[in-house]
Amino acid sequence: MSKLHIKKGDIVYVNVGEYKGKTGRVLKVLVDEKRAIVEGINMVTKHTKPNAKSPQGGRETTEASVHISNLNPVDPKSGKPTRVGHKRDDKSKKIVRYAKRSGEELK
């Protein structure tokens with residue numbers, strides 16, 4: 001299992017592609033594939049047959065995954081994209097993530 005710089009619940013900035021410059025909250029991280037599903041980013045249309053959930057059938061729009069390398073967490077202080085560092089917290093002795101731009105801890 002590899003260490004990723006993005007976690008579920010983070011607010012991220014999209015670096016590349018059709019949604020470049022947009023931000024969104026991470027809904028799910030697919031660790032094995034190194035991809036993440038971000039709210040409102042990379043929307044795709046899926047055609048569905050009629051079933052109990054949707055008796056009419058039709059088209060559904062959902063989020064598709066984005067590669068982790070195309071995402072950067074947003075700095076809590078400035079609101080700009082930042083890189084992530086890891087350091088040991090003095091009080092709790094746990095390793096925490098922090099924004100390299102401002103030094104602020106990422107929740």
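**Second largest pocket and the open sheet**

The second largest pocket is lined by G9, D10, I11, R25, P73, V74, P76, R97, E105, L106 and K107. The model analysed here is predicted. About 180 Å³ of space lies in this pocket. Its lining comprises 5 nonpolar, 1 polar and 5 charged residues.

Two residues of this lining, I11 and R25, also face each other in a sheet: I11 stands opposite R25 in β2. The strands concerned are β1, residues 11-14, and β2, residues 23-30. They run antiparallel and are joined by 3 bridges. The lining also includes P73, and residue 73 closes strand β7, which spans 71-73.

The sheet itself is open and has 5 strands. Their order is β6-β3-β2-β1-β7, and the pairing is antiparallel. Strands β6 (65-67) and β7 (71-73) form the edges, each pairing on one side only. Direction ignored, neighbouring strands of the sheet are turned by 50 degrees against each other on average.

On its other side in the strand order, β2 is followed by β3. Strands β2 and β3 run antiparallel, with 4 bridges between them. Within this pairing, V29 has A36 of β3 as its bridge partner. The two strands form a hairpin with 4 residues between them. In that hairpin, K34 takes a positive phi near 55 degrees.

Strand β3 covers residues 35-38. It pairs with β6 in the antiparallel sense, over 3 bridges. One contact can be named here: I37 has S65 of β6 as its bridge partner. The edge strand β6 thus begins at a bridged residue, given that β6 spans 65-67 and that S65 is the partner of I37.

Ring contacts were examined separately. A search of the whole structure finds 0 aromatic pairs. An aromatic ring does take part in a contact with a charge, however: the charged end of K87 sits over the ring of Y98. The distance from the charged end of K87 to the centre of the Y98 ring is 4.8 Å.

Definitions and conventions
Residues numbered from 1 in each chain as written. Predicted model: local features only at pLDDT ≥ 70, side-chain atom pairs only at ≥ 80, totals over all residues. Heavy atoms only, no water. Phe/Tyr/Trp six-rings, centres within 6.5 Å; stacked < 30°, edge-to-face > 60°. Lys NZ or Arg CZ within 6 Å of the ring centre and 35° of its normal. Pairing = 2+ DSSP bridges. Axes fitted to C-alpha atoms, helices over the stretch in contact; angles between N-to-C directions. 1 Å grid on protein atoms, 1.4 Å probe; cavity = no way out; pocket = protein on both sides within 12 Å on 5 of 7 lines; lining within 4 Å. Points joined across faces, edges and corners; volume = space filled by probe spheres on them. Nonpolar A, V, L, I, M, F, W, Y, C, P; charged D, E, K, R; others polar.
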